[in-house]
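Here is a quick tour for anyone meeting this structure for the first time. Have the model open as you read.

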Amino acid sequence: MKRREFLTRSGAAVAGGVALGALGGVTAACGSSEKAEKEIGSVDVLVVGGGPAGVCAAIAAARNGASAMILEQGGCLGGMATRGLVAPFMTCYDTTGEVMVIRGLFSEIVDRMVALGGAIHPSEVRATTPFSAWITAGHDHLTPFDPETMKFVLDSMCVEAGVRILFHATLVDPIVSGRTIKGIRVLTRSGIERISAKVVIDATGDGDVAAKAGVPCDFGNPEIGKVQPATLFFHINNVDTPRLVKDVEAHLHEFRKVNGVSYRALHWRVEEAEAAGEWDISRKSVNIYRGVREDEWAVNCTRIKDVDATDSESLTKAEIEGRRQVMELMNFFHKYVPGCENATIKSSASTVGIRESRHVRGEYLLTADDLIGAVVPEDSILVASNSVDVHGRNGANTTEYRTVEGGPWYGLPLRSLIPLDIENLIVAGRAISASSDAAGAVRVMPPCMAMGHAAGITAAISALKGIAPRKVEAGDVRAQLLKEGAFLG
């Protein structure tokens, strides 16, 4: 094949609006002096962070007529769902288990994965089963999914919508004029580059854009000076699932909670390992969720204290400790758990799962009382019933779990996505304006996807009308959400 013909055919490698550099540029770059900072794009909506909230925001913005770009520091979309291996999706239903309340883009993503054999629809998954780690409260209608399938689905949806994707791009700082964000400076493989935008969506999970722009933030729970512990998820396979299930279900009557400590799946095996000096993890049981394939399980058990997700050294130590705990758990599975003698690590997360870091202060502070009392503000852009889930506050082994009591669901107001003291910025995901306890409920992935959906619509309206996001009418956002299949009560 001639070189010209080869290069012509290689045009298929251009995807997501980002073209590969010329082959000759590779040699020219070696040993060259530092390049001048350059602008690589100007868009209506720029999303920083490609996790569950960010990818939904980018798709929604593009589908609503805005030019949209998404920046992700890793090499795939999905964030905690893919790189973090956090699974399954927590409930997307109301407290009665009868109504699926988180729909819209979340539903579309799930439906596409189901069609590819990479997920089980939440309508088919009930509480107190292997898919829910045999947990009852707040664990009805979960969604097991395959992270590799999700990577493909998210790529496809972004490309179809016309979203420009840029992987291996790390936020340096926002470009701010007065109190208005004008774009982002980003570190790519080519150096530090600039992207201009009419509206920026902070979907970093840690409120990085907002914090660097000078927006007031709280870190963790300021009342006690702590953040919730982190977890490094991992998935195992080659499990004799019928034997594992038989062992757990023979002990279901022993499930209990004592002084905030949960004794659930495999706590009787943990006791054996502790007695033998082969367990030092701050858990008394193992949250283990059956996956899409019968022999695969997601393990949520490692517990890493005092992790500052805004500090690279802290994250590094956490990931090293997480992998140490993963190997301890594999020893535990092999030696103590029926059906897991030949289990193998299918994959461990490439990034530690963070429950809490910054909480950006916005126009409305969502509180746990709002959630427990089932308050639905007029400007709600989603409704959910996810429980307030706070880890480690009253001791390393403890978990506080409070379910919604005042009704079938609560609402999350658009105002919680609009940060104080800055214009043209929207926050979506676990860094929204919420108290530490309230964030313990809405940080899970289905609500984050719904936030992203709403944030993308808001950003598109803002950019195309030339008004600040805080001036966008919540009624207009809600109307468009309903057109796009969302449920608002």
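## A few places to look

Let's start with Arg269, which sits in helix H8 (residues 267–275). Keep in mind that this is a predicted model. Is Arg269 buried or exposed? With a relative accessibility of 16%, Arg269 counts as buried, because the cut-off for buried is under 20%. Leaving aside residues up to four places away in sequence, Arg269 touches Asp247, Phe332, Tyr336 and Pro338.

Next, a pair of helices. Two packed helices are described by the angle between their axes and the distance between the axes. Here, helix H3 (residues 52–63) packs with helix H5 (residues 147–161) at an angle of about 25 degrees, and their axes are 9 Å apart. H3 and H5 are therefore roughly parallel to each other, and their crossing is left-handed. Which residues make the contact? H3 brings Val55, Ile59, Ala62 and Arg63, while H5 brings Leu154, Met157, Cys158 and Ala161. Sorted by kind, the residues of this contact between H3 and H5 come out as seven nonpolar, no polar and one charged.

Now move on to helix H13 (residues 474–483), where Ala474, Val477 and Leu481 are buried. Why do they end up on the same side of H13? They cover an arc of only 60 degrees around the axis, so they share one side of the helix. An α-helix has 3.6 residues a turn, so residues three or four places apart point the same way. The buried residues of H13 pack against strand S15 (380–384) and helix H12 (445–465). After H13 comes Gly485, whose phi is positive, near 90 degrees.

Finally, some backbone details. Most residues other than glycine have a negative phi, and most peptide bonds are trans. The table lists two residues other than glycine with a positive phi.

| Residue | Phi | Loop | Relative accessibility |
|---|---|---|---|
| Asn238 | near 60 degrees | between strand S8 (234–237) and helix H7 (241–249) | 42%, partly exposed |
| Ala374 | near 60 degrees | between helix H10 (368–372) and S15 | 15%, buried |

S15 turns up again here: the loop holding Ala374 lies between H10 and S15, and S15 also packs against the buried residues of H13.

One more spot concerns a peptide bond. Ala87 and Pro88 are joined by a cis peptide bond, with omega about -5 degrees. To find Pro88, look in the loop between strand S2 (68–71) and helix H4 (104–115).

Note on methods:
Residues are numbered from 1 along each chain as its sequence is written. This is a predicted model: local features need pLDDT of at least 70, side-chain atom pairs count only at pLDDT 80 or more; totals for chains, interfaces and linings use all residues. Side-chain values use heavy atoms; hydrogens and water are left out. Buried means under 20% relative accessible area, exposed over 50%, partly exposed in between (1.4 Å probe, protein chains only). Helices (H or I, at least four residues) and strands (E, at least two) are DSSP runs, numbered from the N terminus. The arc is that of the directions from the helix axis to the C-beta atoms. Contact means heavy atoms within 4.5 Å. Axes are lines fitted to C-alpha atoms, for helices over the stretch in contact, and angles run from 0 to 180 degrees between N-to-C directions. Angles under 35 degrees count as roughly parallel, over 145 as roughly antiparallel, 65 to 115 as roughly perpendicular and the rest as oblique. A crossing is left-handed if the near helix is turned anticlockwise from the far one by less than a right angle, and right-handed if clockwise. Ala, Val, Leu, Ile, Met, Phe, Trp, Tyr, Cys and Pro count as nonpolar, Asp, Glu, Lys and Arg as charged, and the others, Gly among them, as polar.
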